[in-house]
Amino acid sequence: LALAFAHPVDEAVRVFNCGSGEGTETLDLVQRIAACLDIEPSIQFRPDRGFDVRRSVLDIAKLRAAIGFQPTSLDEGLVATLSSSGQLAPSAAQPTA
């Protein structure tokens with residue numbers, strides 16, 4: 001992502017979506033993070049508020065065009081992120097999917 005800021009552009013403001021380009025449901029994301037941390041999450045379901053986002057898909061075309069960004073899988077990204085912060089559970093050292 002730092003490379004995106006190193007390249008000169010005409011735009012006054014540079015905003016990039018950084019994601020996989022594939023949709024992920026919030027509950028699935030919580031469960032995947034919990035598996036990486038080797039914890040059982042306490043999830044409380046509430047009535048839909050009408051504006052809640054169940055699935056998020058980021059358009060990564062701008063980042064791909066700027067620096068040739070190629071995403072990893074969500075599981076690989078979670079493992080890498082949690083490993084770098086020292087929070088990855090030993091049992092989750094390998095991506096699950």
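## Aspartate 38

Aspartate 38 is exposed, with a relative accessible area of 55%. In this predicted model, the residue sits in the loop that runs between α2 and β2, the latter being residues 55-56. Aspartate 38 comes just after α2 and takes a positive phi of about 55°. Most residues other than glycine have a negative phi. Aspartate 38 is a residue other than glycine, and its phi near 55° is a positive value.

## Overall organisation

The protein contains four helices and two strands. Along the sequence these elements follow the pattern α-β-α-β-α-α.

The protein has 97 residues, and 16% of them are buried. Its accessible surface comes to about 7300 Å², with 55% of that area belonging to carbon and sulfur atoms. Among contacts with a separation of 6 or more, 71% are accounted for by residues 24 or more positions apart.

## Helix α2

Helix α2 covers residues 26-37, twelve residues in total. At 1.5 Å a residue the helix should span 16 Å, and the distance of 17 Å between its end C-alpha atoms agrees with that.

Valine 30 is one of the residues in helix α2. Its relative accessible area is 33%, so valine 30 counts as partly exposed. Which residues does valine 30 contact, leaving aside its neighbours within four places in sequence? They are Pro41 and Ile43. Valine 30 and proline 41 are eleven residues apart in sequence, and their C-alpha atoms are 7.7 Å apart in space.

## Salt bridges around arginine 32

A search of the whole structure finds three salt bridges. Side chains of opposite charge can pair when their charged atoms come close. Asp28, Arg32 and Asp75 are linked in a network of such bridges.

Within this network, the side chains of aspartate 28 and arginine 32 meet at 3.1 Å, N to O. Both residues belong to helix α2 and are four residues apart, about one turn of the helix. Aspartate 28 has 27% relative accessibility and counts as partly exposed. Arginine 32 is also in the partly exposed class, at 24% relative accessibility.

The side chains of aspartate 75 and arginine 32 form a salt bridge at 3.5 Å, N to O. Aspartate 75 lies in helix α4 (residues 74-84) and arginine 32 in helix α2, so this pair ties together parts that are 43 residues apart in sequence. Is aspartate 75 buried or exposed? Aspartate 75 is buried, because its relative accessible area is 4% and the class takes in values under 20%.

## Arginine 49 and aspartate 52

Another salt bridge joins the side chains of arginine 49 and aspartate 52, with an N to O distance of 2.6 Å. Arginine 49 counts as exposed at 55% relative accessibility. Aspartate 52 has a relative accessible area of 30% and is partly exposed.

## Nonpolar core

In soluble globular proteins, nonpolar side chains tend to be buried together. The largest nonpolar core here is made up of six residues: Cys36, Leu78, Val79, Leu82, Leu88 and Ala92. Helix α4 gives the most to this core, with three residues.

Cysteine 36, a member of this core, has a relative accessible area of 7% and is therefore buried.

## Cysteines

How many disulfides does the structure hold? The number is zero. Cysteine 18 is partly exposed, with a relative accessible area of 45%, whereas cysteine 36 is buried at 7%.

## Recurring elements

Helix α2 appears in several of these descriptions. Valine 30 is found in this helix, as are aspartate 28 and arginine 32, and aspartate 38 follows just after its end. Helix α4 holds aspartate 75, which pairs with arginine 32 of helix α2.

Note on methods:
Residues are numbered from 1 along each chain as its sequence is written. This is a predicted model: local features need pLDDT of at least 70, side-chain atom pairs count only at pLDDT 80 or more; totals for chains, interfaces and linings use all residues. Side-chain values use heavy atoms; hydrogens and water are left out. The expected span of a helix is 1.5 Å times one less than its number of residues. A salt bridge is a side-chain nitrogen of Lys or Arg within 4 Å of a carboxyl oxygen of Asp or Glu. Buried means under 20% relative accessible area, exposed over 50%, partly exposed in between (1.4 Å probe, protein chains only). Contact means heavy atoms within 4.5 Å. Accessible areas come from the Shrake-Rupley method with a 1.4 Å probe; for residues, only the protein chains shown count as cover. A nonpolar core is a set of buried Ala, Val, Leu, Ile, Met, Phe, Trp, Tyr and Cys residues joined through side-chain atoms within 4.5 Å. A disulfide is a pair of cysteine sulfur atoms within 2.5 Å.
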